[in-house]
Amino acid sequence: ISTWIEGSVEKSRIHYNHNSFFIDGFGTSKLLDEIDEYYRDPSASRPELEISYRGAVLAMERLAGSREGEIARDYWFSRLTDLPPPPAIALSGAANRRRRSVLDRRSGSLEQPLWNAFKATAASRGLSASNVIVAAYAYVLATWANSDHFILSQMVTRRFAELHPQLTQMLGNFVSLYPLAI
């Protein structure tokens, strides 16, 4: 938190640097919502959680060791030999592999009516907007890789409310990576 005086008014700013190692996207949204809530109402309070992060991790480990967990593990291990390689994206001839890459941030947005039409069109075909976006991303990668057979890593948040109802209220990293064969 940084504070400064502007005119005769004290101002503050919260600086937040997201690291997906410690918190997933769902938890990040929850954290930012709670910060906003406390900003708007400093007297706001939330009940203490009944489960600790350690308790949540142990519950997930018990799930992994259960019959359902064994079935899932067997399924993924059986697929390993058939999974394709990652997309072979060619590097620029001028690329220096010993130098850290530099990313150029790009962004764009759709007007709400266009986004709503996009989601409605996807839904009319039995698809979610997220699935259509991943398909478009795979299509672009396939073009650059000159191959339509490769693997993508999909991050999926796993907050099993059936293990404990407060898992959806907890901050932490509950993400699993799932291979998506294209």
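Arg97 is found in the loop between helix 3 and helix 4, and in this predicted model the residue counts as exposed, with a relative accessibility of 74%. Its C-alpha atom is separated by 27 Å from that of Asn17, a residue that lies 80 residues away along the chain. The loop between helix 3 (67-79) and helix 4 (112-124) also holds Ile89, which at 38% relative accessibility counts as partly exposed. Ile89 joins Tyr139, Val140 and Trp144 in a nonpolar patch on the surface, and together these residues have about 500 Å² of accessible area.

From this patch the reader can turn to helix 5, which runs over residues 129-145. With 17 residues at 1.5 Å a residue, helix 5 should span 24 Å, and its end C-alpha atoms are indeed 24 Å apart, so the expected and modelled spans agree. The buried residues of this helix are Ala129, Ala138, Leu141, Ala142 and Ala145, and what covers them includes helix 4 and strand 3. In general, an α-helix has 3.6 residues a turn, so residues three or four places apart point the same way.

Helix 5 is followed by Asn146, whose phi is positive, near 55°. Most residues other than glycine have a negative phi, and the value at Asn146 is a positive one in a residue other than glycine. Asn146 is placed in the loop between helix 5 and strand 3 (151-157), where Asn146 is exposed, with a relative accessible area of 73%.

Beyond strand 3, the chain can be followed to strand 4 (residues 175-181), which contains Ser176. This serine has a relative accessible area of 15% and is therefore buried, the cut-off being under 20%. When its neighbours within four places in sequence are left aside, Ser176 is in contact with Gln154, Met155, Val156 and Arg158. With Arg158 there is also a polar contact of 3.0 Å, which joins the two side chains.

Charged side chains offer another way through the model, for the structure holds eight salt bridges. In one of them, the side chains of Arg159 and Asp24 meet with an N to O distance of 3.0 Å. This pair links distant parts of the chain, since Arg159 lies in the loop between strand 3 and strand 4 while Asp24 lies in the loop between strand 2 (9-13) and helix 1 (25-40), 135 residues apart. Both partners count as buried, Arg159 at 12% relative accessibility and Asp24 at 3%.

Another salt bridge, between the side chains of Arg67 and Glu70, has an N to O distance of 3.7 Å. Here both residues belong to helix 3 and are three residues apart, about one turn of the helix. Arg67 is exposed, with a relative accessible area of 54%, whereas Glu70 is partly exposed, with a relative accessible area of 32%.

Arg106 forms a salt bridge with Asp104, in which the closest N and O atoms are 3.5 Å apart. Arg106 counts as exposed at 69% relative accessibility, and Asp104 is likewise exposed, with a relative accessible area of 60%. Elsewhere, salt bridges that share partners join Lys30, Glu34, Glu37 and Arg46 into one network.

Conventions:
Residues numbered from 1 in each chain as written. Predicted model: local features only at pLDDT ≥ 70, side-chain atom pairs only at ≥ 80, totals over all residues. Heavy atoms only, no water. Helix = DSSP H or I, 4+ residues; strand = E, 2+ residues; numbered from the N terminus. Buried < 20%, exposed > 50% of the residue type's maximum accessible area, 1.4 Å probe, protein only. Patch = residues over 30% accessible without salt bridge, like charges linked within 9 Å, V, L, I, M, F, W, Y side chains within 5 Å. Areas by Shrake-Rupley, 256 points an atom, 1.4 Å probe, with all protein chains shown as cover. Salt bridge = Lys/Arg side-chain N within 4 Å of Asp/Glu carboxyl O. Polar contact = N/O pair within 3.5 Å; in protein donor to acceptor, adjacent residues only side chain to side chain. Contact = heavy atoms within 4.5 Å. Expected span 1.5 Å × (residues − 1).
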